[in-house]
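Please follow the chain in the viewer while reading, since the paragraphs below move from strands to loops, then to a pocket and to the cysteines.

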Amino acid sequence: MRTIYSALWYLLLPALFLRLWLRGRKAPAYRLRWKERMAWGYRSGILKKSLWVHAVSVGETLAAAPLIERLLEDYPDVPLLVTTTTPTGSERVQALFGGRVTHVYCPWELPTALNRFMRAFDPQLVIVLETELWPNLCAAVKRHGAKLMLMNGRLSEKSYQGYGKLPRLIRPMMARFDALAVQTQVEAERYMALGAWPERVYPIGSVKFDMTLDAAVKEAAAALRSSFGNRPVWIAASTHPGEDALVLAAHMILRKHKPEALLILVPRHPERFAAVANQVREAGLSVARRSQQESAAGVDVYLADTMGELLMLFGTCDVAFVGGSLVPVGGHNLLEPAAWQKPVLTGPHLHNFTAIGQLLDDAGGLSVVEDAQSLGATLLALLDDPAQCARQGKAAAGVVEANRGALEKGLRLVAMELNTGLGPSG
């Protein structure tokens, strides 16, 4: 089955390169470093017995940041390789860690490319984040003789059903994992049903609960909030196409009652920044762009068209809406605003964060809205009732505090795999 899968990847190569070129029209970085997608140009043995952490883009990179920091601290003599698949993820790795880690793009799912990559970077342990389940990558890791671990594993019901339709491809892949640190018992059972060895599956919680708000982030948030003046502020974070219009409609509903209210709008993808700015203007609202250092004084919408600042921006608002949820994307990280003690709002499409959403909902820290009308009404109710706003924010923060500890458990699993591993053969 994997032979057919690999053949399809080789057949799709022209389409993959075309996709890079097309995405490069809006995000030119996609047209750069394309050789890394094929693992071309590397010499063998760039690193020796490295630790390899694979994320995807910005979200996974930020979730993995505490883990990477601890790996740098706990294993100072072991080379650390961090890979992503997107330019925005690459930018975050370089901004967060600079020269302390080696960073390249993860190659495509081609056996020849993955073999070249293994020879070049010689991993002894590979840690993949969340849902990065790739049959050829997993096979190449084990062929190289390295240990393979899933960290912060999550698996929605929809994804589980999809994987279950390809048992001859998925079951061998799952059996190759030496350890799977997953978020919940429900997800543990799904991974085992797909072929993971039960004794290798550990429901340890989500490492996203172990995030911290350092002094620099708090100071930056306080300074920016001060610049907004004494006005109600809400944020719509990580919005997707089709969602911005709903957010803007909700803001106009809110402004009928609170005309001084400010919306901080944070589109998920940087290639959409300019289009969203135009969309705000077309809706009849004034906009200031953070990237151009424009003042938010007197404007309706503050467009946060920068990267890597979302955690800080949550600290500037009174109420936080997390996007990817009014459209069927599956939601994004609800814990960052919760850590700031902000009331968290989300749409109904939350299948990527079901367990975390349930914890917040049960604690009274989450409000689920269905459309622009209910989003606007919920915002107004919270902003009209500071005591309820504070109670809901405190409840959300309590969920974060009560569920910390997954990072330490995950690090113990890393130590166990390094101590019991045979190391790479190449």
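Which residue in β2 does L51 stand opposite? In this predicted model, the residue that L51 faces in β2 is L80, and this placement belongs to a run of 4 bridges by which β1 is joined to strand β2 (residues 80-84), the two strands running parallel. β1 is also joined to strand β4 (residues 123-129), again in parallel, this time through 5 bridges, and here H54 is the residue that stands opposite V128.

The surroundings of β1 can be read from its burial. Of the 5 residues in strand β1 (residues 50-54), 5 are buried, and the strand is therefore largely enclosed by the rest of the structure. In a regular strand the side chains alternate between the two faces of the sheet. In β1, the residues S50, W52 and H54 point one way while L51 and V53 point the other way, and all are buried. A reader who turns the model so that β1 is seen edge-on can thus look for W52 on one side and for V53 on the other.

A further strand can be read in a similar manner. In strand β6 (residues 179-182), A179 and A181 point one way and L180 and V182 the other way, and all of these residues are buried. β6 pairs with strand β5 (residues 147-153) in the parallel sense over 3 bridges, and within that pairing M149 has A179 as its bridge partner in β6. β6 is joined as well to strand β7 (residues 201-203), which runs parallel to it, by 3 bridges, with L180 standing opposite V201.

From the strands we turn to a helix. L16 is found in helix α2 (residues 13-23), and because its relative accessibility is 17%, under the 20% limit for burial, L16 counts as buried. Leaving aside neighbours within four places in sequence, the residues in contact with L16 are W9 and W108. For a sense of distance across the model, L16 and L360 are separated by 344 residues in sequence and by 39 Å in space, taken from C-alpha to C-alpha.

Several loop positions also deserve a look. R33, in the loop between α2 and β1, has a phi near 55 degrees, which is a positive value in a residue other than glycine, and at 29% relative accessibility R33 counts as partly exposed. Q341, which lies in the loop between α14 (335-339) and β13 (344-346), likewise has a positive phi in a residue other than glycine, near 65 degrees, and Q341 is partly exposed, with a relative accessible area of 47%. R272 is found in the loop between β9 (262-267) and α12 (273-282), but this arginine is buried, with a relative accessible area of 14%. Apart from neighbours within four places in sequence, R272 is in contact with T239, H240, P241, D244 and P267.

Empty space in the model is the next topic. Rolling a probe the size of a water molecule over the atoms shows where empty space is left. The second largest pocket has a volume of about 230 Å³ and is lined by 16 residues, among which E187, R190, H351, T354 and A355 lie nearest its centre. Helices α7 (157-164), α9 (185-193) and α15 (354-363) each supply at least two residues of this lining. By character, the lining residues of the second largest pocket divide into 5 nonpolar, 6 polar and 5 charged.

Finally, how many disulfides does a search of the whole structure find? The search finds 0, and two of the cysteines show the spacing involved. The sulfur of C138 is 10 Å from the closest cysteine sulfur, which belongs to C106, and because a disulfide needs sulfur atoms within 2.5 Å, that distance is too far for a bond. C138 also counts as buried, at 1% relative accessibility. For C389, the closest cysteine sulfur is that of C317, and since 8.7 Å lies between the two sulfurs, they are too far apart for a bond. C389 is buried as well, with a relative accessible area of 11%.

Terms used
Residues are numbered from 1 along each chain as its sequence is written. This is a predicted model: local features need pLDDT of at least 70, side-chain atom pairs count only at pLDDT 80 or more; totals for chains, interfaces and linings use all residues. Side-chain values use heavy atoms; hydrogens and water are left out. Buried means under 20% relative accessible area, exposed over 50%, partly exposed in between (1.4 Å probe, protein chains only). Contact means heavy atoms within 4.5 Å. On a 1 Å grid over the protein atoms alone, a cavity is a set of points where a 1.4 Å probe fits but cannot get out, and a pocket is an open set with protein on both sides within 12 Å along at least five of seven lines; lining residues have an atom within 4 Å of a point. Grid points are joined across faces, edges and corners, and a volume is the space filled by probe spheres set on the points. Ala, Val, Leu, Ile, Met, Phe, Trp, Tyr, Cys and Pro count as nonpolar, Asp, Glu, Lys and Arg as charged, and the others, Gly among them, as polar. Two strands pair if DSSP finds at least two bridges between them.
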